[in-house]
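Reader: I would like a close look at one part of this model. Please take a pair of packed helices and the core around them.

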Amino acid sequence: LRQQLALYAGSAFPVLIEGESGSGKERVAASLHHLSPRAREPYFALNCAAISPTLVEPTLFGYAKGAFTGAVSAKSGYFEDAGSGTLFLDEIGELPLDLQAKLLRVLENGEYQRVGETQTRASRARIIAATNRDLRREIKAGRFRADLFHRLSVLNIGVPPLRDLGRDKLVLLNHFRSMYAKQIGSKAFELNDEAVAAWLNYSFPGNVRELKNIVIRLTTKFTGHTLGRSEIEAEFDLQADAG
């Protein structure tokens, strides 16, 4: 993964990041930007699943004055504000089909229009997209455009789930417990051998996001304590893990 980041960061081509929810796709996108020649340029991120479909288009492309109710003045969108920087589109699989066609146009020739405007504008931003969906399956179901998928996946990065990362689970534990203990000015908790074994055996179905939340709870409850298996497993979602 690090080799791919170093290899792809300097490219101007789009990147599609695929991986499970919570696996760190947003961190990968930010790393691509910060390792690139565009690092001093703007970086904008839009979660397509966290915004109303009616707001995605004006957010991305901007709008003219009077384009819709409430548009009391013209406003630029992310494509314009990103300039020569990077635009990260998270959960791209949630993008409505009509907007997929407009995004495809930008990817093909760099052109877009503000909502309510006829003037064509040019984008110089690099596009990075991420999804936790199987876009190939979404294409077969008619929910995602095949031509947009091929444009976005010129370069492809797969982010592995935490369950496949072995002792990286301990590396992440050590990083986050030190960070959160420092934030609240407390002593970090420790794990005994049984707790370490339980930590390594747990699959973390919520990936790094789940691991961080568990560390936050343990830091809050057990400042400076040495924890055993029972305290650790009480924070695990063992039902999801078994599934």
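Author: What follows describes one helix pair and then the nonpolar core. This is a predicted model, in which local features need pLDDT of at least 70 and side-chain atom pairs count only at pLDDT 80 or more, while totals for chains, interfaces and linings use all residues. Residues are numbered from 1 along each chain as its sequence is written, and side-chain values use heavy atoms, with hydrogens and water left out.

Helices here are DSSP runs of H or I with at least four residues, strands are runs of E with at least two, and both are numbered from the N terminus. The pair is α3 (residues 53-61) and α5 (residues 97-109), whose axes come within 11 Å and cross at roughly 15°. Axes are lines fitted to C-alpha atoms, for helices over the stretch in contact, with angles from 0 to 180 degrees between N-to-C directions. The two helices are therefore roughly parallel (angles under 35 degrees).

On the α3 side, P53, V56, E57 and F61 meet L99, K102, L103 and V106 of α5; contact means heavy atoms within 4.5 Å. By class, six of the residues in this contact are nonpolar, two are charged and none is polar. Ala, Val, Leu, Ile, Met, Phe, Trp, Tyr, Cys and Pro count as nonpolar, Asp, Glu, Lys and Arg as charged, and the others, Gly among them, as polar.

L103 also touches F79, L89, I92, L95 and L148, not counting residues up to four places away in sequence. L103 is among the residues with the most contacts inside the largest nonpolar core, which has 25 residues. Such a core is a set of buried Ala, Val, Leu, Ile, Met, Phe, Trp, Tyr and Cys residues joined through side-chain atoms within 4.5 Å, buried being under 20% relative accessible area with a 1.4 Å probe, protein chains only. The largest share of this core, five residues, comes from α5.

How values were computed:
Parallel < 35°, antiparallel > 145°, perpendicular 65-115°, else oblique. Buried < 20%, exposed > 50% of the residue type's maximum accessible area, 1.4 Å probe, protein only.
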